[in-house]
Amino acid sequence: MDAIIEFIQTMGFMNITWQQIIMLFVSFFLLYLAIKKQYEPLLLLPIAFGMLLTNLPGANMFHQELWDAFLNPASDMYHSYGAILKEGGLLDVLYIGVKAGVYPCLIFIGVGAMTDFGPLIANPKSFILGAAAQLGIFIAFLGANAIGFTPAEAGSIGIIGGADGPTSIFLTSKLAPHLLGPIAIAAYSYMALVPVIQPPIMKLLTTEAERKIKMKQLRAVGKTEKIVFPIIITAIVALVLPDAAPLIGCLMLGNLMKECGVVERLTKTAQNELMNIVVIFLGLTVGATATAGTFLTLKTLGILLMGIIAFCFGTAGGVLLAKVMNLFSKEKINPLIGSAGVSAVPMAARVSQMEGAKADPSNFLLMHAMGPNVAGVIGSAVAAGILLTMLG
């Protein structure tokens, strides 16, 4: 009888709190969005399931208190992965890859291996549009700081505006790991809503005549240019901004493997097996940080608010700069491609194409929009490096 009573007392049903019940329903809702609505399912599904696992009482898969001690200079566990390995659960051990910045960098290798920088090389002006779209990052940073977030927390929130999930996770794990769950969920949720968020802003800031602007076909980019590009970008960015080197270096390594044509096996592995494995680990462990104590706070509402502001200003920044560039350029730029400067690849470029086609069905903007789009990937990584240098 004592054994039965002890068994019943250890059941999760006997120890669950109302906060954990709420978090379980939040995880169910995110699973619904990932499966039924297909909102960024590759990462939202494992994030939601990680949230489910971490909020099951008694499962002991993730221990927030261990990571609090890990970050506390007064603790014996301060920056001790050994203690995590000894006392932590499955998700604690896997989370080391997030805290050490390993998973986002590995994902960037895969992203680089799947990215064609040809449109960016063919039209270097795209760099400027990609940079302008990072305006949302710094607007959200100032806004978050103004409403009470610390500078480190505000920087982590602002990076949501880059529309780059791995970069958001990388920076937040360094500056504000206690906000990793809400920030990651906000980042990927808003990325999935790019086709909903961007069109009204694009229409508001452009005239119908501007949306009908047709652009000349991009020149063909040679193989040598594509090989030299990632090498030069890595060297320049790392020398100017060393804190951005891990992300930029891994992104360009993946791209170099793709473009050089001599390591096809490595390229395919980066695009498929490596990418898929790391996405599973990253999603589960990021979701595990969304415990009731860290998620059910007013800060989460602030993160969601500033995240949408970051996306809106990022979109507006790219569109408005394209309009300004048209004042000084003989060859007009369709301002719609400026919105693709947020680095939701290739979704933001597709939105530019769709809005351009609505104004003129014969207008083809996709390849032109891919230039700012891939420039935005570089831009968000550089912005993360700047914030890490200033606030880290």
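In the predicted model, Ala163 is located in the loop that runs between α12 and α13 (165-175). Its backbone carries a positive phi of about 55°, although Ala163 is not a glycine. With a relative accessible area of 1%, Ala163 is buried. A second positive value is found at Glu40, where phi is near 40° in a residue other than glycine. Glu40 is placed in the loop between α3 (18-35) and α4 (41-54), and a relative accessible area of 23% makes this residue partly exposed. Most residues other than glycine have a negative phi, and most peptide bonds are trans. Against the second of these tendencies stands the peptide bond from Val345 to Pro346, which is cis, with omega near -10°. Pro346 belongs to the loop between α21 and α22.

The loop between α21 and α22 (347-359) also holds Glu331. Glu331 forms a salt bridge with Lys216, the closest N and O atoms being 3.6 Å apart. Lys216 is situated in the loop between α16 (208-211) and α17, so this pair ties together parts that are 115 residues apart in sequence. Glu331 is partly exposed, at 49% relative accessibility, while Lys216 is exposed, with a relative accessible area of 61%.

In total, 11 salt bridges are counted in the model. Another of them joins the side chains of Lys299 and Glu153, with an N to O distance of 2.9 Å. This pair links distant parts of the chain, since Lys299 lies in helix α21 (residues 298-326) and Glu153 in helix α12 (residues 151-158), 146 residues apart. The two partners fall into separate classes of accessibility: Lys299 is partly exposed, with a relative accessible area of 37%, whereas Glu153 is buried, with a relative accessible area of 5%.

A local pairing is formed within helix α22, where the side chains of Lys358 and Glu355 meet in a salt bridge of 3.2 Å, N to O. Lys358 and Glu355 are three residues apart in α22, and are therefore separated by about one helical turn. Glu355 is buried, at 5% relative accessibility, whereas Lys358 is exposed, with a relative accessible area of 58%. Through salt bridges that share partners, Lys203, Glu355 and Lys358 are joined into one network.

Helix α15 comprises residues 194-205. From its first C-alpha to its last, this helix of 12 residues reaches 17 Å, close to the 16 Å expected at 1.5 Å a residue. The buried residues of α15 are Val194, Ile197, Gln198, Pro199, Ile201 and Met202. Among the elements that cover these buried residues are α14 (180-192), α16, α21 and α22.

Helix α17 (residues 223-240) contains Leu239, which contributes to a nonpolar surface patch of about 500 Å². The other members of the patch are Val228, Ile232, Ile236 and Val240. Leu239 counts as exposed because its relative accessibility is 73%, above the 50% limit applied for that class.

The cysteines were examined for disulfides, and the count comes to zero. Cys105 is in no disulfide, and the nearest cysteine sulfur, that of Cys250, is 4.4 Å away. As a disulfide requires a pair of cysteine sulfur atoms within 2.5 Å, the separation of 4.4 Å between the sulfur atoms of Cys105 and Cys250 does not satisfy the criterion. Cys105 is buried, with a relative accessible area of 9%. For Cys260, the closest cysteine sulfur is likewise in Cys250, but at 16 Å this sulfur is too far for a bond. Cys260 is also buried, its relative accessible area being 17%.

Definitions and conventions. Residues are numbered from 1 along each chain as its sequence is written. This is a predicted model: local features need pLDDT of at least 70, side-chain atom pairs count only at pLDDT 80 or more; totals for chains, interfaces and linings use all residues. Side-chain values use heavy atoms; hydrogens and water are left out. Patches are made of residues with over 30% relative accessible area and no salt bridge: like charges are joined within 9 Å, nonpolar side chains (Val, Leu, Ile, Met, Phe, Trp, Tyr) within 5 Å. Accessible areas come from the Shrake-Rupley method with a 1.4 Å probe; for residues, only the protein chains shown count as cover. A salt bridge is a side-chain nitrogen of Lys or Arg within 4 Å of a carboxyl oxygen of Asp or Glu. Helices (H or I, at least four residues) and strands (E, at least two) are DSSP runs, numbered from the N terminus. Buried means under 20% relative accessible area, exposed over 50%, partly exposed in between (1.4 Å probe, protein chains only). The expected span of a helix is 1.5 Å times one less than its number of residues. Contact means heavy atoms within 4.5 Å.
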